[in-house]
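Colleague: Please take a close look at one part of this model, the sheet and the side chains that join it to its surroundings. How is that part put together?

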Amino acid sequence: MNMSPSGWLVSHRPLFVGVAAVGPLAACAVLALVRDSVANTNAALGLVLLVVAAAATGIRSAGLVAALSSAVWFDFFLTEPYNQFTITDRADIETAVLLMVVGAGVAEIALWGRRQQARASREQGYLDGVLRTAATVGAGQSSIESLVEHVSEQIVELLQIDRCRFDRGDGPVLAAIDSDGAVSYNGHPVDLRRLGLPTDTEIALAVRSGGVVYGRFLLTAATSVVRPSPEQLRVAAALASQVGAALATNTNASATGRPSTIS
């Protein structure tokens, strides 16, 4: 199975943190050989580049470790008294502090940027899923059974749950997801961030079109606590609505005796 770049980075987190710690040490040791001809401010700018490189991985600890390591080894190798963790010159003190502050700030900005990028990618993925399903319904080339199976698989993948099955019944349920993505349990709202999806019962997601309910998806999230975002739940509701539209079309066609576009 192929692993995404972000997944590969996370799986190798210790390696990147270690490199982030050792990189500034090696750089400062080399700069110490020519410290008489290189201004400390220029050396500090070079160390900031190392911090930026570490932060660009999206691993907060790597960026912070690189910033701390840069400040420590800048003090040890490049400020008087040399080879001691002591700074006597005020300008060098300010440079070391700024190196730490700027490095930590860059790490946070880089992490925020990667999160925004990941969020945009997820949202595009959600949209693509809905559009693919809508195209399937619009093309009329899929049976109701295959469409339901396709949407069930999408919901399982989207919400990271154990199972999703379609049910035409309308029996009582303890937990439900409404069209806005809100989750209720026994009639009370569920705090998903704190509790996650209910694990002790199936969760109903109504399949409706034009205000008419044609069935429901019953979701199972029993083996682990999952905390889907409101956006994910709304996408799941949108996918269920696509099935509702297909069922409505099929029902209307059957009632009028016309050939159904979706068999």
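Modeller: Angles here are taken between axes, that is, lines fitted to C-alpha atoms, for helices over the stretch in contact, and they run from 0 to 180 degrees between N-to-C directions. The model is predicted, so local features need pLDDT of at least 70 and side-chain atom pairs pLDDT 80 or more, whereas totals for chains, interfaces and linings use all residues. Residues are numbered from 1 along each chain as its sequence is written, and side-chain values use heavy atoms, with hydrogens and water left out.

The sheet is open and built from six strands in the order β1-β6-β5-β2-β3-β4, with mixed pairing; a pair requires at least two DSSP bridges. At its edges stand β1 and β4 (188-189), each of which pairs on one side only. Strands (E, at least two residues) and helices (H or I, at least four) are DSSP runs, numbered from the N terminus. Within the sheet, β5 and β6 are joined in the antiparallel sense over seven bridges. Ala204 is placed opposite Leu218 of β6. Helix α6 (residues 144-159) lies across β1, β5 and β6 and runs at about 45 degrees to β6.

Charged side chains add further links around these strands. The salt bridges, defined by a side-chain nitrogen of Lys or Arg within 4 Å of a carboxyl oxygen of Asp or Glu, come to five in number. In one of them, the side chains of Arg165 and Glu202 meet at 3.0 Å, N to O. Arg165 belongs to strand β1 (residues 163-167) and Glu202 to the loop between α7 (192-195) and β5 (203-209), so this pair ties together parts 37 residues apart in sequence. Arg165 has a relative accessible area of 32% and is therefore partly exposed; Glu202, at 22%, is also classed as partly exposed. The classes are buried under 20%, exposed over 50% and partly exposed in between, with a 1.4 Å probe and protein chains only. The salt bridges of this region also form a network that links Arg163, Arg165 and Glu202.

A second connection from β1 is made by Asp167, which forms a salt bridge with Arg216, the closest N and O atoms being 3.1 Å apart. Because Asp167 is in strand β1 and Arg216 in strand β6 (residues 212-220), the pair ties together parts that are 49 residues apart in sequence. Arg216 is buried, its relative accessible area being 11%. A further salt bridge joins the side chains of Arg194 and Asp191, at 3.8 Å from N to O. Of these residues, Arg194 is exposed at 57% relative accessible area, while Asp191 is partly exposed at 38%.

For the helical part of the chain, helix α2 (residues 13-32) and α4 have axes that come within 8 Å and cross at roughly 20 degrees. Their contact (heavy atoms within 4.5 Å) involves many side chains, including Phe16, Leu25 and Cys28 of α2 together with Trp73, Phe74 and Leu78 of α4. Asn40, in helix α3 (residues 40-55), is buried at 18% relative accessible area. Leaving out residues up to four places away in sequence, Asn40 touches Phe74, Leu78, Thr79, Asp92 and Thr95. Pro81 sits in the loop between α4 (60-78) and α5 (90-139) and is partly exposed at 26% relative accessibility. With the same sequence neighbours left out, Pro81 touches Thr86 and Thr88.
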